[in-house]
Amino acid sequence: MYDAEGFDDGPPCPACGHAPTRRYAYVEGFDEHECPACGWRSDEAAIADLRRAAGDLLEGDAEAAPPPLGRPLRA
Ligand SMILES: [Zn+2]
């Protein structure tokens, strides 16, 4: 779960020069910046890692706990 507050006071985008970028201040104590013009992000690699890890976890859970498909309940 992300809990970040966004501010429009980030540094100029290094990719396209748009300013300001969107700054997300996470309660965990770090900032991330995202460019609303070109989609650049300050920490894209870390975000990709987080998403991949989350996806692995979800896939793992699904494989470990298949839905209980038994007889359909009928009256
Ligand atoms: Zn940009």
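**View 1. Ala37, an exposed residue in a loop.** Ala37 is exposed because just 12 other C-beta atoms lie within 10 Å; the cut-offs call a residue buried at 20 or more other C-beta atoms within 10 Å of its own, exposed at 12 or fewer, and partly exposed in between, with C-beta atoms placed from the backbone. You'll find Ala37 in the loop between strand 3 and helix 1. Setting aside residues up to four places away in sequence, Ala37 touches Cys13, Cys16 and His18, where contact means that two C-beta atoms, placed from the backbone, lie within 7 Å. Ala37 and Ala15 sit 22 residues apart in sequence, and their C-alpha atoms are 9.8 Å apart in space. Keep in mind that this is a predicted model, in which local features need pLDDT of at least 70 and side-chain atom pairs count only at pLDDT 80 or more, while totals for chains, interfaces and linings use all residues. Residue numbers start from 1 along each chain as its sequence is written.

**View 2. The whole protein, from the N terminus on.** The protein has 1 helix and 3 strands, and the elements run β-β-β-α from the N terminus. Helices here are DSSP runs (H or I, at least four residues), strands are runs of E (at least two), and both are numbered from the N terminus. Of the 75 residues, 9% count as buried. Among contacts with a separation of 6 or more, 10% come from residues 24 or more positions apart. As for confidence, pLDDT (the predictor's confidence in each residue, from 0 to 100) averages 81 over the protein, and 75% of the residues score at least 70. Helix 1 (residues 44–64) has the lowest mean pLDDT of the elements, at 68, and strand 2 (residues 22–26) has the highest, at 92.

**View 3. An open sheet of 3 strands.** The strand order is 1-2-3, and the pairing is antiparallel. Strand 1 and strand 3 are the edge strands, each pairing on one side only. From one strand to the next, the twist averages 25°; for such angles, axes are lines fitted to C-alpha atoms (for helices, over the stretch in contact), and values run from 0 to 180 degrees between N-to-C directions. Two strands count as paired if DSSP finds at least two bridges between them. As a reminder, strands of a sheet pair through backbone hydrogen bonds, either parallel or antiparallel.

**View 4. Strand 1 against strand 2, with Phe7 in focus.** These two strands pair in the antiparallel sense over 4 bridges. Ala4 stands opposite Tyr26 of strand 2, and Phe7 has Arg23 as its bridge partner there. Phe7 belongs to strand 1 (residues 4–7), and its C-alpha atom is 5.0 Å from that of Arg23, though the two are 16 residues apart along the chain. Beyond its neighbours within four places in sequence, Phe7 is in contact with Arg23 and Ala25. Phe7 counts as partly exposed because it has 14 C-beta neighbours inside 10 Å.

**View 5. Arg23 in strand 2.** Arg23 lies in strand 2 and counts as partly exposed, because 18 C-beta neighbours fall inside 10 Å. If you skip residues up to four places away in sequence, Arg23 touches Gly6, Phe7, Asp9, Gly10, Asp31 and His33. Arg23 and Glu34 are 11 residues apart in sequence, with 6.4 Å between their C-alpha atoms.

**View 6. The hairpin of strand 2 and strand 3.** Here 4 residues lie between the two strands, and Gly29 in the turn has a positive phi of about 110°. The strands run antiparallel, with 4 bridges joining strand 2 to strand 3 (residues 31–34). Across the pair, Arg22 is bridged to Glu34, and Tyr24 has Glu32 as its partner.

**View 7. A cis peptide bond at Pro20.** The bond joining Ala19 and Pro20 is cis, with omega at about -5°. Pro20 is in the loop between strand 1 and strand 2.
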